Amino acid sequence: MWPDQLTPARRRLALNGLTGLLAVGGLTLLVIGASPAPPPPERPAAAAAPPTEPAPPAAPASVAARGMAASVPVRLQIPAIGVDTPLMSLGLNPDGTVEVPPLRAGAPAGWYRNLRTPGEVGPAVVLGHVDTAHDGPAVFYRLRELRPGDTATVRRQDGSAATFVVERVVEVPKTNFPTDEVYGPVGYPALRLVTCGGSFDYSRREYRHNILVYARLERSD
């Protein structure tokens with residue numbers, strides 16, 4: 001169901017390393033920005049500027065830009081396609097590929113725990129099956145029906161909720177899976193939903209494509 005190149009160990013390490021470098025770089029910028037600037041040279045009294053009203057404080061950045069604190073996701077709701085599923089935690093298999101939820105009726109979607117939690121700045125990835133041979137439609141069976149503007153809400157362990165708005169839905173061949181786009185770092189709170197799609201390869205017993213949904217945090221509750 002999932003492309004072999006989705007997350008090989010070397011790719012994951014490279015992405016994690018890049019994320020770490022960006023995090024360190026961001027911290028350095030914050031430290032530099034917090035350093036006081038040298039005072040300007042004194043000006044003669046005659047050239048002094050007249051007093052002015054102090055500038056109003058800058059408005060705080062919206063939660064959609066600054067993100068939320070980390071909290072484990074517990075439930076995903078997508079009203080447009082009738083999804084309301086608990087979220088299980090997914091890690092890595094011994095061969096370095098991403099775990100997937102069990103292939104059985106009623107299996108939930110799963111959150112890939114080696115990236116961000118939904119609502120934090122960076123990518124959060126949720127995977128789910130489209131169907132099973134024995135049980136028919138699965139949790140992400142209608143994922144391809146999502147359209148820009150639809151919403152997906154992730155309920156989190158701390159009681160908060162992160163609501164994302166869909167920006168685009170694409171179908172890509174598994175042989176050309178955009179690993180960096182899905183798992184790579186971004187500068188805003190992002191959610192990626194992943195399932196299988198396209199035509200079915202009966203000789204390999206798997207779908208030839210993936211359906212990918214790209215969404216951005218809209219609000220928190």
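**Rings, cores and a few single residues**

Hi everyone, let me start with one residue: Phe200 has a relative accessibility of 25%, so Phe200 counts as partly exposed. Please keep in mind that this is a predicted model. We will come back to Phe200 when we get to the rings.

First, the overall layout. The chain has 221 residues, and 39% of them count as buried. Its secondary structure adds up to three helices and 10 strands. If you walk along the sequence, the pattern reads α-α-β-β-β-β-β-β-β-β-α-β-β. How much of the contact list comes from residues 24 or more positions apart? Among contacts with a separation of 6 or more, they account for 65%. As for the outside, the accessible surface is about 12,400 Å², and carbon and sulfur atoms make up 58% of it.

Now let's go inside. The largest nonpolar core has 25 residues, and the members touching the most others are Leu76, Ile78, Phe140, Leu143, Leu191 and Leu193. Which elements give two or more residues to this core? They are strand 1 (73-78), strand 2 (83-90), strand 4 (122-127), strand 7 (151-156), strand 8 (161-173), strand 9 (189-201) and strand 10 (206-220). Strand 10 contributes the most, with four residues.

If you would like one residue to click on here, try Ile78. Setting aside residues up to four places away in sequence, Ile78 touches Val83, Phe140, Leu143, Leu146, Thr151, Ala152 and Leu193. There is also another core, lying apart from that one, with 13 residues that include Leu115, Val172, Val182 and Tyr183.

That last name takes us to the aromatic rings. How many aromatic pairs does a search of the whole structure find? The search finds three. One of these is an edge-to-face pair between Tyr112 and Tyr183, with the ring centres 5.7 Å apart and 85 degrees between the planes. Why is this pair worth a look on the sequence? Tyr112 sits in strand 3 (residues 109-112) and Tyr183 in helix 3 (residues 179-183), so the pair ties together parts that are 71 residues apart in sequence. Tyr112 is buried, at 2% relative accessibility. Tyr183 is buried as well, because its relative accessibility is 3%, with the cut-off for buried being under 20%.

And here Phe200 returns. The ring centres of Phe200 and Tyr202 are 5.0 Å apart and the planes stand at 70 degrees, so this pair is edge-to-face. Is Tyr202 buried or exposed? Tyr202 is exposed, since its relative accessible area is 64%. Ring pairs join Phe200, Tyr202 and Tyr207 into a cluster.

Staying with rings, let me show you two arginines. The charged end of Arg168 is placed over the ring of Tyr214, 3.8 Å from the ring centre. Arg216 lies over the face of Tyr188, and there the distance to the ring centre is 3.6 Å.

To finish, three single residues you can find on your screen. Take Gly119, in the loop between strand 3 and strand 4. Gly119 has a relative accessible area of 0%, so Gly119 is buried. What does Gly119 touch, leaving out residues up to four places away in sequence? Gly119 touches Gly67, Met68, Arg156, Ala162, Phe164, Pro189 and Leu217. Gly119 and Ala190 are 71 residues apart along the chain, with 7.2 Å between their C-alpha atoms.

Next comes Thr132, in strand 5 (residues 131-132). Thr132 is buried, because its relative accessible area is 10%. Its side chain reaches the backbone nitrogen of Asp135, at 2.8 Å. Beyond its neighbours within four places in sequence, Thr132 is in contact with Leu103 and Arg104.

Finally, Arg142 sits in the loop between strand 6 (136-137) and strand 7. With a relative accessible area of 34%, Arg142 is partly exposed. Not counting neighbours within four places in sequence, Arg142 is in contact with Ala80, Ile81 and Gly82. From Arg142 to Thr195 the C-alpha distance is 9.9 Å, and the two are 53 residues apart in sequence.

That is my tour; thanks for listening!

Key: Residues numbered from 1 in each chain as written. Predicted model: local features only at pLDDT ≥ 70, side-chain atom pairs only at ≥ 80, totals over all residues. Heavy atoms only, no water. Core = buried A, V, L, I, M, F, W, Y, C linked by side-chain atoms within 4.5 Å. Buried < 20%, exposed > 50% of the residue type's maximum accessible area, 1.4 Å probe, protein only. Contact = heavy atoms within 4.5 Å. Polar contact = N/O pair within 3.5 Å; in protein donor to acceptor, adjacent residues only side chain to side chain. Phe/Tyr/Trp six-rings, centres within 6.5 Å; stacked < 30°, edge-to-face > 60°. Lys NZ or Arg CZ within 6 Å of the ring centre and 35° of its normal. Areas by Shrake-Rupley, 256 points an atom, 1.4 Å probe, with all protein chains shown as cover.
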